[in-house]
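The exercises below are meant to be worked with the sequence and the coordinates side by side. Try each task before reading its solution.

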Amino acid sequence: MLLDVGDSRRLRFLAIGGIGSLVVGGAAMAFALETSPQTQQGPGAGTLSPASVATAGQGGTPAPAGPAPGPPTAPRALNVVVLDPAHGGTDPGARGTGGIQESEITLEFATRARQALEQQGFQVVETRQGNENPSFDDRSAIANAQRGAVFITLHIASTGIPGTVRVYVNADLPPVKAANGLIPWDLAQAPFLGLSRKLGDLVQGMLTQHFKGSPDAAQTAAIRQLRTTAAPAIAVEVSSVVVNDRAELDHMVPGVADAIARGVAAFKPLYAMALPSGALP
Ligand SMILES: [Zn+2]
């Protein structure tokens, strides 16, 4: 299930102009998390060290931010996929008959999606690998610490036609005024909405090939988790926990993983084209 908690605006900001640069829709901007550590890597631009991936993916409370790799002017290509198995810990998410818990099944979907994405050459960071429940902000912070990443949160619905899958992107957000070099944490998604829609439509298209009756294009909704994510970001919601047998969901795992991996691979050249002309390696 997808929830928008609707919390009030918070006085937390993403600093702009510090590290790296990315052109989205023709406007140059750079993001630097206020929590970014001081460490900088040398050449190797845009890649994550295995250590940083492991740190973010380990059990327990994830680090709020990983190293910010790459020199300041490094061209950025899509290298990293942050997978977010929603819920966990004291939050089981949607619950169905027979003890089916959304928080458990999203882990299963994430594990297989990771394998499929790695086969496509992507590095994968998971916001949790066990039964923890990182906060919305912790999960977004993991994504926002990456360079050249997309973010995919995985949910199981309590509604919808069993055997179908829907992709959501965040609803429109107010324009970001970044004149002072800061954008509100709660509006981090705003500059990426166009790219998120492209990614969402591509992944939805692949999903619909596997799961007939699914929509043809991504839908929009107010999604708390996506709003604070400074990267192309989508939610994938599988229907549903209201199946008689968990095996019905298990059977969907390979198809969802394949669709996500192929959708992200199809998106990769679109992401690279958003970089400044002449900046590509
Ligand atoms: Zn959910």
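**Exercise 1.** Determine in which sense β8 and strand β11 (residues 233-238) pair, and find the residues that stand opposite Tyr 168.

*Solution.* Begin with the pairing between β8 and β11, which is antiparallel and extends over four bridges. Within this pairing Tyr 168 stands opposite Ala 235 of β11, and Arg 166 stands opposite Glu 237 of β11. Then turn to strand β10 (residues 219-221), with which β8 pairs in the parallel sense over three bridges; here Tyr 168 stands opposite Gln 219. The model is a predicted one, and the pairings are read from its coordinates in that light.

**Exercise 2.** Decide which residues of β8 point one way and which the other, and state whether they are buried or exposed.

*Solution.* In a regular strand the side chains alternate between the two faces of the sheet. Applied to β8, this sorting places Val 165, Val 167 and Val 169 on one side, with Arg 166, Tyr 168 and Asn 170 pointing the other way. As for burial, six of the six residues in β8 (residues 165-170) are buried, and the strand is accordingly described as mostly covered.

**Exercise 3.** Give the strand order of the open sheet of six strands, name its edge strands, and place the helices that pack on the sheet.

*Solution.* The order is β6-β5-β7-β11-β8-β10, and the pairing in this open sheet is mixed. The edges are β6 (123-126) and β10, each of which pairs on one side only, while the twist from one strand to the next averages 30°. Next add the helices: α2 (residues 102-119) lies across β5 (80-85), β6, β7 (149-156) and β11, and runs at about 145° to β7. Helix α3 (residues 136-144) also packs on the sheet, where it touches β5, β6 and β7, and its direction makes about 170° with that of β5.

**Exercise 4.** Explain why Tyr 271 counts as buried, and identify its contacts beyond its neighbours in sequence.

*Solution.* First locate Tyr 271, which belongs to helix α7 (residues 253-273). Tyr 271 counts as buried because it has 23 C-beta neighbours inside 10 Å, where the cut-off for a buried residue is 20 or more. Setting aside neighbours within four places in sequence, the contacts of Tyr 271 are Ala 77, Leu 78, Leu 195 and Pro 232. Of these, Pro 232 is 39 residues away along the chain, yet the two C-alpha atoms are separated by 9.0 Å.

**Exercise 5.** Find which residues touch the most other members of the largest nonpolar core, and which element gives this core its largest share.

*Solution.* The core has 67 residues, and Val 81, Ile 234 and Ile 260 touch the most other members. Its largest share, eight residues, comes from α7. Taking Ile 260 further, and not counting residues up to four places away in sequence, one finds that it touches Ala 113, Ala 116, Leu 117, Ile 152, Val 203 and Val 236.

**Exercise 6.** Compare the span of helix α4 (residues 193-210) with the span expected at 1.5 Å a residue, and list some of its buried residues.

*Solution.* Helix α4 has 18 residues and reaches 26 Å from its first C-alpha to its last, which is close to the expected 26 Å. Its buried residues include Leu 195, Leu 199, Leu 202, Val 203 and Met 206.

Conventions:
Residues numbered from 1 in each chain as written. Predicted model: local features only at pLDDT ≥ 70, side-chain atom pairs only at ≥ 80, totals over all residues. Buried ≥ 20, exposed ≤ 12 C-beta atoms within 10 Å, placed from the backbone. Helix = DSSP H or I, 4+ residues; strand = E, 2+ residues; numbered from the N terminus. Pairing = 2+ DSSP bridges. Contact = placed C-beta atoms within 7 Å. Core = buried A, V, L, I, M, F, W, Y, C linked by C-beta atoms within 7 Å. Axes fitted to C-alpha atoms, helices over the stretch in contact; angles between N-to-C directions. Expected span 1.5 Å × (residues − 1).
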